[in-house]
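The following exercises take the reader through a structure step by step. Each task is followed by a worked solution.

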Amino acid sequence: MSQRHDMQRLQALAQLVLDQRLMALKQAADRLERSRDQLASINAAAAPADLPPVAAGMVDVAYQRWADVRRAELNGTIARQSADLIDAKGVAGHAFGRVQALDGALARLRVRK
């Protein structure tokens with residue numbers, strides 16, 4: 001096999017890896033967005049109920065207690081997902097760099113021949 005053919009095959013493999021890394025990056029971003037949307041929904045004010053004031057107050061206290069626990073869980077999840085997104089960006093960046101380097105090397109091979 002020629003060096004050019006080997007480089008083309010390597011370039012194709014690098015492109016497949018890049019595509020996979022970009023998909024993982026998109027999935028990480030989607031998960032983070034969903035968690036942020038859930039947190040925003042919890043933080044949105046609950047619609048007032050047509051209840052007597054004492055019952056409405058008890059419902060509000062129970063909701064706030066549940067919401068505080070859920071917010072804490074979501075904040076932990078968002079922190080982990082943010083770190084995962086940063087990692088996925090780095091991995092995708094490296095894959096992109098490999099593709100670019102192979103494109104340049106292949107272009108130089110084409111010019112030489």
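**Exercise 1.** Determine whether Arg71 is buried or exposed, and identify its salt-bridge partner.

*Solution.* The model is a predicted one.
Step 1. The relative accessible area of Arg71 is 18%. Buried means under 20%, so Arg71 is classed as buried.
Step 2. The partner of Arg71 in a salt bridge is Asp68, with 2.7 Å between the closest N and O atoms.
Step 3. Asp68 has a relative accessible area of 45% and is therefore partly exposed.
Step 4. Both residues belong to helix H2, and because they are three residues apart, about one helical turn separates them.

**Exercise 2.** State how many salt bridges the structure holds, and describe those formed by Lys26 and by Arg70.

*Solution.*
Step 1. There are three salt bridges in the structure. One of them is the pair Arg71 and Asp68.
Step 2. Lys26 meets Asp30 through their side chains, at 2.9 Å from N to O. These two residues of helix H1 are four residues apart, which means that about one helical turn lies between them.
Step 3. Lys26 has a relative accessible area of 49% and is partly exposed. Asp30, at 27%, is partly exposed.
Step 4. Arg70 forms its salt bridge with Glu73, and the N to O distance is 3.2 Å. Both are in helix H2, three residues apart, or about one turn of the helix.
Step 5. Arg70 is partly exposed at 25% relative accessibility, and Glu73 is partly exposed with a value of 42%.

**Exercise 3.** Compare the span of helix H1 with the expected value, then find which of its residues are buried and what they pack against.

*Solution.*
Step 1. Helix H1 covers residues 3-43, a run of 41 residues.
Step 2. From its first C-alpha to its last, H1 reaches 59 Å. At 1.5 Å a residue, 60 Å is expected, and the span of H1 is close to that figure.
Step 3. The buried residues of H1 are Met7, Gln11, Ala14, Leu18, Ala28, Leu32, Ser35, Leu39 and Ile42.
Step 4. These buried residues pack against helix H2.

**Exercise 4.** Examine the surroundings of Leu74 and Gln81, leaving aside residues up to four places away in sequence.

*Solution.*
Step 1. Leu74 is part of helix H2, which comprises residues 53-112. Its relative accessible area is 2%, so Leu74 is buried.
Step 2. The residues touched by Leu74 are Ser35, Gln38, Leu39 and Ile42.
Step 3. Leu74 and Leu39 are 35 residues apart in sequence, yet their C-alpha atoms are 6.6 Å apart in space.
Step 4. Gln81 also lies in helix H2. With a relative accessible area of 13%, Gln81 is buried.
Step 5. Gln81 is in contact with Arg31, Leu32 and Ser35. Ser35 thus appears among the contacts of Leu74 and among those of Gln81.

**Exercise 5.** Describe the aromatic pair and classify its geometry.

*Solution.*
Step 1. The count of aromatic pairs comes to one. Tyr63 and Trp66 form it, with 5.7 Å from centre to centre and 40° between the planes.
Step 2. Planes under 30 degrees apart count as stacked, those over 60 as edge-to-face, and the rest as tilted. The pair of Tyr63 and Trp66 is therefore tilted.
Step 3. Both residues lie in helix H2, three residues apart, about one turn of the helix.
Step 4. Tyr63 is partly exposed with a relative accessible area of 26%, and Trp66 is partly exposed with 46%.

**Exercise 6.** Identify the residues of the nonpolar surface patch, and give the distance between Gln15 and Pro52.

*Solution.*
Step 1. Leu10, Leu13 and Leu16 make a nonpolar surface patch of about 300 Å².
Step 2. Leu10 is located in helix H1 and is partly exposed, with a relative accessible area of 42%.
Step 3. Gln15 is likewise in helix H1. It is partly exposed, at a relative accessible area of 32%.
Step 4. Gln15 and Pro52 are 37 residues apart along the chain, and 63 Å separates their C-alpha atoms.

Technical notes: Residues numbered from 1 in each chain as written. Predicted model: local features only at pLDDT ≥ 70, side-chain atom pairs only at ≥ 80, totals over all residues. Heavy atoms only, no water. Buried < 20%, exposed > 50% of the residue type's maximum accessible area, 1.4 Å probe, protein only. Contact = heavy atoms within 4.5 Å. Expected span 1.5 Å × (residues − 1). Salt bridge = Lys/Arg side-chain N within 4 Å of Asp/Glu carboxyl O. Phe/Tyr/Trp six-rings, centres within 6.5 Å; stacked < 30°, edge-to-face > 60°. Patch = residues over 30% accessible without salt bridge, like charges linked within 9 Å, V, L, I, M, F, W, Y side chains within 5 Å. Areas by Shrake-Rupley, 256 points an atom, 1.4 Å probe, with all protein chains shown as cover.
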